[in-house]
Amino acid sequence: MSRFVLKPFTLPIEEEFVEDRCSQRTNLAIPARLRMRGDASMQVTVTDLSIAGFGCPSHLMRAPGTICWITMPGLGSLQAEVIHNNGQRMGCAFDNLLAPAVYDMLVSRYKLPDTV
């Protein structure tokens, strides 16, 4: 009998795929519906978007880790998790990264003009 124990081989998960805080962010204005777990949905404007998450103004005080769902035009409901919230602005990370084509479509429709 061998003294060696075989362990399954797994590739390391890169941290940026779990929470890609370094991905390109775009300032825009997307009308959306946000629903926090246990609450009714409400109208919000997504003002910051990346393939990993979004930011929006929000008066809701929800703790990091709270589950929410965002619905943007042309998309179904996307599950996300609150990452930060200061009572004026909320940042959330998508459970699944946005497909680049979906991100590009939203940016092309809702990107704000660059300011100098």
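Are Phe-54 and Phe-94 buried or exposed? Let's walk to the answer through this predicted model, beginning with its strands.

Six strands close into a barrel, and going round it you meet them in the order β1-β2-β3-β6-β5-β4, with antiparallel pairing. From one strand to the next, the twist averages 45 degrees. As a reminder, strands of a sheet pair through backbone hydrogen bonds, either parallel or antiparallel. A good place to look at this pairing is where strand β1 (residues 26–36) runs antiparallel to strand β2 (residues 42–49), joined to β2 by seven bridges. Find Pro-31 there, and you will see Thr-45 of β2 standing opposite.

Now turn to the helix on these two strands. Helix α2 (residues 100–110) lies across β1 and β2 and runs at about 110 degrees to β1. Its buried residues are Tyr-103, Leu-106, Val-107 and Tyr-110. Seen down the axis of α2, these buried residues fall within an arc of 100 degrees, so they line one face of the helix. An α-helix has 3.6 residues a turn, so residues three or four places apart point the same way. The cover over the buried residues of α2 includes β1 and β2, while Ala-101, Ser-108 and Arg-109 are exposed on the other side of the helix.

That brings us back to the two phenylalanines. The model has one aromatic pair: Phe-54 and Phe-94, tilted, with 5.6 Å centre to centre and 40 degrees between the planes. This pair links distant parts of the chain, since Phe-54 sits in strand β3 (residues 53–57) and Phe-94 in strand β6 (residues 89–94), 40 residues apart. As for the opening question, both Phe-54 and Phe-94 are buried.

Conventions: Residues numbered from 1 in each chain as written. Predicted model: local features only at pLDDT ≥ 70, side-chain atom pairs only at ≥ 80, totals over all residues. Heavy atoms only, no water. Pairing = 2+ DSSP bridges. Helix = DSSP H or I, 4+ residues; strand = E, 2+ residues; numbered from the N terminus. Axes fitted to C-alpha atoms, helices over the stretch in contact; angles between N-to-C directions. Contact = heavy atoms within 4.5 Å. Buried < 20%, exposed > 50% of the residue type's maximum accessible area, 1.4 Å probe, protein only. Arc of directions from axis to C-beta. Phe/Tyr/Trp six-rings, centres within 6.5 Å; stacked < 30°, edge-to-face > 60°.
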